[in-house]
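Q: Please take a close look at one part of this model, its largest nonpolar core. Then say how far the model can be trusted.

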Amino acid sequence: MLQITGLTHSYGGDGPKVLDGLDLSVPDGQLVSIVGPSGCGKSTLLRCIAGLIQPTGGRLTLDGKPINGVPDDLAVVFQDYSRSLFPWLSVRDNVALPLRRRGKSRSERRAAAEQALESVGLHDAGRKYPWQLSGGMQQRVSIARALAYRPSLLLMDEPFGSVDAQTREDLEDLVLQVHRTEKMTILLVTHDIDESVYVGDRVVILNRSPARVHADLPVGLPSVRDQIDTRGLPEFVKLRAEVGRLVRGGARVPGAAPAAAAQPAGVAEAEGAAAKPGH
Ligand SMILES: Nc1ncnc2c1ncn2[C@@H]1O[C@H](COP(=O)(O)OP(=O)(O)O)[C@@H](O)[C@H]1O
Ligand SMILES: [Mg+2]
């Protein structure tokens with residue numbers, strides 16, 4: 001369980017508050033999407049959870065223990081992926097490096113790295129160096145590195161920002177699959193409202209800086225998701241609209257979470273919703 005209470009942060013100590021009294025608790029194994037206006041403090045929140053910055057106020061605990069420094073069983077996919085890979089290590093060695101902390105042998109580390117690279121569609125890039133790859137490929141390498149580590153807590157900061165649409169869908173499905181099989185807790189920051197609903201068990205919406213939790217919506221979609229079918233479900237369409245409204249600063253309406261009002265999947269309605277943009 002990750003427990004955040006009254007989290008407050010100002011860079012430099014006396015700068016403007018970026019986070020102001022933010023409360024959030026995340027049970028083990030949940031996949032939480034975090035959305036909010038640009039500059040509202042999403043990356044700052046992840047940095048506090050990762051123990052990379054010491055917040056000016058509030059309390060963060062992981063399994064009851066205060067977070068003072070980087071937790072052991074954590075992996076992070078940073079927004080600025082290009083600076084998170086070591087240019088002097090091959091792609092495979094970049095992915096394999098953190099596995100030393102897992103006490104794995106050299107051959108086990110290499111095998112795990114190759115497997116993770118294959119899962120992100122980079123099976124033939126292992127011997128290359130990060131600077132020989134495109135931005136989108138480097139981003140996939142940093143995702144492979146995080147997944148290979150099999151952390152119990154995975155923080156992802158706009159992880160699919162620079163990949164093409166098809167790869168993005170494949171990576172969303174990969175994260176869902178890994179989440180299901182490994183049962184890790186995942187916090188995924190995204191600016192893509194559709195993505196927040198598609199991957200999340202829950203969508204947390206932050207308000208404009210200084211950030212707090214503006215709304216917290218359960219996602220009542222079936223746990224096995226499909227890029228075409230799930231996105232066509234009436235619950236999906238409603239929830240996406242609600243998250244969009246809330247991100248733009250709309251007021252919370254008590255009891256109006258669409259997930260709570262989920263109806264059985266009406267194929268006609270779903271097809272109607274999907275067909276609209278084409279007309
Ligand atoms: N290292 C830093 N030093 C000073 N201010 C920062 C730093 N990082 C972020 N900020 C400021 O904190 C605010 C929130 O930034 P950030 O957490 O990156 O937002 P988001 O990820 O939601 O776009 C912004 O106003 C940003 O300019
Ligand atoms: Mg950010």
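**Inside the core**

A: Start at Ala 144. Leaving aside neighbours within four places in sequence, Ala 144 is in contact with Val 95, Ala 116, Leu 117, Ser 119, Val 120 and Leu 122 (contact: C-beta atoms, placed from the backbone, within 7 Å). Residues are numbered from 1 along each chain as its sequence is written, while chains are lettered from A and ligands numbered from 1 in written order. The model is predicted: local features need pLDDT of at least 70, side-chain atom pairs count only at pLDDT 80 or more, and totals for chains, interfaces and linings use all residues.

Ala 144 and Val 243 have the most contacts inside the largest nonpolar core, a set of 78 residues. Such a core joins buried Ala, Val, Leu, Ile, Met, Phe, Trp, Tyr and Cys residues through C-beta atoms within 7 Å; buried means 20 or more other C-beta atoms within 10 Å of the residue's own. Helix H4 (residues 135-149) supplies the largest share of this core, 7 residues. Helices here are DSSP runs of H or I, at least four residues, and strands are E runs of at least two, numbered from the N terminus. In soluble globular proteins, nonpolar side chains tend to be buried together.

Now confidence. The chain averages a pLDDT (the predictor's confidence in each residue, from 0 to 100) of 88, and 91% of residues score at least 70. Strand E3 (residues 31-35) has the highest mean of the elements, 98, and helix H9 (residues 267-275) the lowest, 36. Residues 258-279 fall below 50; this stretch has 26 contacts in the model beyond near neighbours in sequence. Where pLDDT is low, the predicted coordinates should not be read in detail.

Definitions and conventions: Contact = placed C-beta atoms within 7 Å. Buried ≥ 20, exposed ≤ 12 C-beta atoms within 10 Å, placed from the backbone.
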